Each structure stands twice: as C-alpha cells, then as structure tokens.
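Here are my notes on the model you sent over. I've put them as numbered points so you can go through them with the structure open.

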Amino acid sequence: MSIAAGSSARPAGTPPPEASLPFHLRGNYAPVAAEVTAFDLPAEGIIPRGLRGRYVRNGPNPKTGQSPHWFVGDGMLHGVELRDGRAVWYRNRWVRTRAFAEDAPPFRPDWTRDLTVGRANTHVVAHAGRILALVETSFPTEVTPELETVGCFDFGGRLATGMTAHPKICPRTGELHFFAYSYMPPFLTYHRADAGGRLVQSEVIEVPGPTMIHDFAITDGHVVFMDLPVVFDLELAMAGTMPYRWSDEYGARVGTMPRGGTSADVRWVEVAPCYVFHPLNAYEDEHGAIVLDVVRYPELWRAGFSGPPARLHRWHIDLAAGRVSENALDDRAVEFPRFDERRLGMRHRYGYAVHTPHGADHSTGTALVKYDLRDGVSAAHDFGAGRVPAEPLFVPASSSAAEDEGWLLTYVYDAARDGSDLVILDAADFTGKPVATIALPQRVPFGFHGNWFPDPA
Ligand SMILES: [Fe+2]
C-alpha cells in the first residue's frame, strides 16, 4: 500500500476533552483533516472478482472541524475501487461546492435560497453518465469517477429548485424521479428526468405548509410523497441550526400520484403522526393497494435533536378506501435501510439496515440487520465489540442474479485502532464470516449514503 498524500489525524483545533463536544464532532463522527490517496489496499479474505467498479459513500466532514449540526458539514466522498479481486485504490475528497471553495452564503440578502450553494454531503448517485453528490437544499454537484468536483449541475438550466438526496431511478424506464422541498412556496415540487438525463417534468405539489421531506418512494404506477409533522421554524433558522422541529398540530399524510400525473391527481391519506427519513421500498400489491415499508420514528425533534428510535413498519395504502393501515415488522431499532434496487417500485423480499440499539442519541451499535419480509424473519450480523458498521449497500452478483444473490458493502469503524475497513458480506450468507475485509488508510467518519458504480459492461 502507498499513501500519496495526507494523514488521518483529526483537525488541529479539535479540542480535548471530546466529551465536551456535540456528538457529531466526537469519536468517529469527528471529521478527518486530510484527503488521502492510497493504492493496493491490504485485504483479508477474497474480494469477489464479480465486483468491478467503485463503492463511494458521502457524509459531512466540516473543513473547519466545526459545524452546528451533523447534517450541515461539508460533503466528503470516500471511495474504494475494486477490480480483479484487488482493492485498487482508496480516495477521500471533499466536494468542492461553492460553500466549501468560496465560503459562499446559502441565502441572499432577501433570504431567498441560492441553489448554487450547498454542502453536497448526503448521497451520491449516478444517472445518464453523470455522478451527482447531493444534499436536499441545493442543486446537485457533479463529480468524476475519481471523486474530483466538476461543478454545480442544474439540468442545463431547467431545474429551478433544489434536489432531494434520494432520487429514484426506475429500473423499468431508466427515468430519474425526484423532488424538492422548501421553506418558501412552492413547498414541494416533483421532477422527472428521462433516461438520457433531460428534465421533462416539474410539477408543484400542493401541501399545507413547509415540512422537512427527506425521501419518497415510487412504485410501477405511482409516486408516493410523505408530508409529516417536522415543520420549518424561523427561530431555529435565525439561530443558524437545523430549522425544523416536531409539530403536534400539522398532522401527517401520505400522497399518491399516478406517474405522469399532476398535483390535482394526488390522493392524500392520513397516517398516524410520525417521521420517516427513509422508506425501504414501495410496490403495488395484487389488489392495487400500495405497500410502503418505512423506517418510522414515533416522533422527531420535539425537544432538541434527540428522541426515540425508529423501527421498520409497513404501511398498506388502500387507495379505494382512502385508508392506511400500519404495522411494525420488527422490534429492532434501525436506520439506513437498503435493498436490491433492481426491485425498486416492485415487490421486494429482502431488506438490510443498520441496527441502532441506542436510538436517536447517535451512539452506535455493532450490527447490521437483514429482513426476509416474505417469511417475516430477520437476522443480525454483529461485527464484534467496538466494530461499528454503516449503511449496507447491496450489489447484485450479476445483472441476472436473483434478489439477495450478491454482496453487502459497508464501511466498518474499528474503535480499537481508530481506523476503518471496507467489509464485504455475502448477502445470502448474511450471518457468516465476511467475504473480505479491506483495511483503509484512514478512518471513515460515520456518514450517510453511498452507491456502487460498476464498470461499463
Ligand atoms: Fe437519507
């Protein structure tokens, strides 16, 4: 292994003792100080030869070492290229947004949002030949396969809102479905780009007020929006922190719009108040009802930014009756659900998530969870004391592989050595020994979401 630049030390100025810092600046939430490039990484086990491409994950890594909330640090991408059974390189790069490079302010003097300024810290998604680093408040930032920043991308001037960090690529049509929410009207806008990346539909969706809408779902026939009671709060905005809080008054609704429809076609159905950052997947059952699996918090940010943990629930949306039934699918607290995205919008059997036994106080557990939702069973893969996994990403063994036939990739933080590994599990042998454990040249701070970018076939 060779390291071309940098070290993994914490930023100068991060003051001990760590206990006095907010959670997102302590331990493995703390940012790393350097951009590192390393080649030929050491691995235990056998890296599957079927994995040919790059695993890239995004997360906040404030360049100053300081930020008022976990969600608002500068985006940093951590990537590993795998090929011919080797871990060819590791790279981490800040996304050089205008916020990062120019300290450009996100708001203009009249408090409107400058959509060219964002932290690009939440997800990274490839569509129509572009790799986009995403944060839900601004335009995407295009990056190269080697994680260098190209610049702001606004669909050739057609996009007039921000973009969720959780767009959906329909496996049937190749279309990119996404939305934006805003603290100013229009509060919610739906967008659709065709398989070639051309923005072909932008549709204002009427909702009663400004809520935080992190993610959504699509089925073969519908787009599903969640309008849940975490509402914009001007006082929090003025204080410079996350400007959203729980509301006992707003209510909670799920809206279903036929694909290709308009706001007038959206059918809103009430659900019990709750919050959902992430659905697992949605599909239409044989009776035309929409089944939506969600990681559901009973409430969020009622007082400060902690609260009870989330569990996987199933919503059964009966469009004919205008009713949603809800049931918990597992007792475990989880977050960061993923599944085989070749099943996006279609009936899925399996899901994977991070076990979060300590709930929303952000202390982390050591296990991933796998759900078999057909048989109603789940299993945990525990990485052992002090070894903390992140979002598990499913990569199919081949384009014709069955659901669950493939690998789960995750960055695992090892507290004993204050370092990280890229760990590969066999999804079908979930509780078995990892297939490969690749030692990285520096720790990867806990972050958000990632994707696999395969080599062209
Ligand atoms: Fe997310």
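**Notes on the sheets, the iron site and the cores**

1. Let's start with the seven-stranded sheet. Its strands run in the order S21-S22-S23-S24-S25-S26-S27, the sheet is open, and the pairing is antiparallel. At the edges sit S21 (275-284) and S27 (377-382), each of which pairs on one side only. From one strand to the next, the twist averages 30°. Keep in mind that this is a predicted model.

2. Now the middle of that sheet. S22 (residues 290-297) and S23 (residues 311-318) are antiparallel partners, with seven bridges between them. If you want a register check, look at Leu292, whose bridge partner in S23 is Trp315. On to the next pair: S23 also pairs with S24 (residues 323-338), again in the antiparallel sense and over seven bridges. Here Arg314 is the residue opposite Asn327 in S24.

3. The turn between S23 and S24 deserves a look. This hairpin has four residues between the strands, and Gly322 takes a positive phi near 65° there.

4. Further along the sheet, S25 (residues 350-355) and S26 (residues 367-372) run antiparallel and are joined by five bridges. To find the register, put Tyr352 opposite Lys370 in S26. As a general reminder, strands of a sheet pair through backbone hydrogen bonds, either parallel or antiparallel.

5. Which residues hold the iron ion? The protein donors are His166, His214, His278 and His449, each through NE2, at 2.0 to 2.1 Å from the metal. Along the chain they follow the spacing H-x47-H-x63-H-x170-H. His166 and His449 link distant parts of the chain, being 283 residues apart. His166 is in the loop between S10 (149-152) and S11 (168-169), while His449 is in the loop between S32 (436-439) and S33 (450-454).

6. Why is the arrangement around the iron ion irregular? The four donor atoms subtend angles of 92 to 164°. Tetrahedral would need all angles between 85 and 135 degrees, so the 164° end of the range rules that label out. For reference, the ideal angle for four tetrahedral donors is 109.5 degrees.

7. Are His166 and His449 buried or exposed? The cut-off for buried is under 20% relative accessible area. His166 has 6%, so it is buried, and His449 counts as buried at 3%.

8. There is a four-stranded sheet too, also open and antiparallel, in the order S7-S8-S9-S10. S7 (123-127) and S10 are its edge strands; each has a single partner, so one side of each lacks a neighbour in the sheet. The twist averages 30° from one strand to the next. S7 and S8 (residues 130-134) pair in the antiparallel sense over five bridges, and His123 has Leu134 as its bridge partner in S8.

9. Last, the packing. The largest nonpolar core has 55 residues, and Met212, Phe225 and Trp315 have the most contacts inside it. Trp315 is also the bridge partner of Leu292 from point 2. Leaving out residues up to four places away in sequence, Met212 touches Glu136, Tyr181, Val230, Met242, Tyr244, Tyr275, Phe277, Leu300 and Trp301. Another core, of 23 residues, lies apart from the largest one and includes Ile47, Tyr90, Leu393 and Trp407. In soluble globular proteins, nonpolar side chains tend to be buried together.

Key:
Residues numbered from 1 in each chain as written. Predicted model: local features only at pLDDT ≥ 70, side-chain atom pairs only at ≥ 80, totals over all residues. Heavy atoms only, no water. Pairing = 2+ DSSP bridges. Helix = DSSP H or I, 4+ residues; strand = E, 2+ residues; numbered from the N terminus. Axes fitted to C-alpha atoms, helices over the stretch in contact; angles between N-to-C directions. Donors = N, O, S within 2.8 Å, 3.2 Å for Na, K, Ca; no water. Tetrahedral: all angles 85-135°; square planar, octahedral: opposite > 155°, others 65-115°. Buried < 20%, exposed > 50% of the residue type's maximum accessible area, 1.4 Å probe, protein only. Core = buried A, V, L, I, M, F, W, Y, C linked by side-chain atoms within 4.5 Å. Contact = heavy atoms within 4.5 Å.
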